[in-house]
Amino acid sequence: RNIKREADYFAACLLMPEPWIRDAVGDDLIGCDHVRGLVQMFGVSYEAMHNRLDELGLCDKEFIQWMWNENKRRR
């Protein structure tokens with residue numbers, strides 16, 4: 001389990017380096033469209049972006065989950 005977690009963390013750091021994420025997020029509030037844009041910009045899944053934003057303390061994990069559910073509900 002630790003190996004998988006470490007591999008996931010390594011991949012997140014490689015694909016979504018902290019400085020790049022912080023530059024992309026800036027001082028804006030994280031909204032559904034912003035997360036969608038980040039997902040497209042970095043070429044990762046919503047789940048991966050969700051976890052990375054949470055790791056970096058840029059958005060509350062529960063808030064991102066709520067946004068994801070709202071986005072799915074609207075479709």
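Here are some questions and answers about this predicted model.

Me: What kinds of elements does the chain have, and how many helices are there?
Reply: Let's start from the N terminus, where the elements run α-α-α-α-α. There are zero strands to look for. So the count, by the DSSP runs used here, comes out at five helices.

Me: Is Val 25 buried or exposed?
Reply: You'll find Val 25 in helix H2, which covers residues 18–25. Its relative accessible area is 4%. The cut-off for buried is under 20%, so Val 25 is buried.

Me: How about Leu 15: which label does it get?
Reply: Leu 15 lies in helix H1, residues 2–15. Its relative accessible area is 46%. Buried needs under 20% and exposed needs over 50%, so Leu 15 is partly exposed.

Me: Which residues join Leu 15 in a nonpolar patch on the surface?
Reply: Look at the surface around Leu 15, a residue of H1. The patch has about 340 Å² of accessible area together. Besides Leu 15, its members are Phe 10 and Leu 14.

Me: Which helix gives the most to the largest nonpolar core?
Reply: That core has 15 residues, and those with the most contacts inside it include Ile 21, Val 35 and Phe 42. H2, H3 (32–42), H4 and H5 (61–74) each supply at least two of its residues. With four residues, the one that gives the most is H3.

Me: Which residues does Ile 21 touch, leaving out those up to four places away in sequence?
Reply: Ile 21 is one of the core residues with the most contacts inside the core. Here, touching means heavy atoms within 4.5 Å. The list is Met 16, Phe 42, Met 49, Arg 52, Leu 53, Leu 56 and Leu 58.

Me: Which residues of H4 are buried?
Reply: An α-helix has 3.6 residues a turn, so residues three or four places apart point the same way. H4 covers residues 46–55. Its buried residues are Met 49, His 50, Arg 52 and Leu 53.

Me: What separates the C-alpha atoms of Val 25 and Leu 58?
Reply: Along the chain, these two residues are 33 apart. Contacts between residues 24 or more positions apart make up 56% of those in the chain with a separation of 6 or more. For Val 25 and Leu 58, the C-alpha separation is 8.2 Å.

Me: Which residue just after H4 takes a positive phi?
Reply: H4 covers residues 46–55, so by that DSSP run we look just past its end. The phi there is about 70°. The residue is Gly 57.

Technical notes: Residues numbered from 1 in each chain as written. Predicted model: local features only at pLDDT ≥ 70, side-chain atom pairs only at ≥ 80, totals over all residues. Heavy atoms only, no water. Buried < 20%, exposed > 50% of the residue type's maximum accessible area, 1.4 Å probe, protein only. Patch = residues over 30% accessible without salt bridge, like charges linked within 9 Å, V, L, I, M, F, W, Y side chains within 5 Å. Areas by Shrake-Rupley, 256 points an atom, 1.4 Å probe, with all protein chains shown as cover. Salt bridge = Lys/Arg side-chain N within 4 Å of Asp/Glu carboxyl O. Core = buried A, V, L, I, M, F, W, Y, C linked by side-chain atoms within 4.5 Å.
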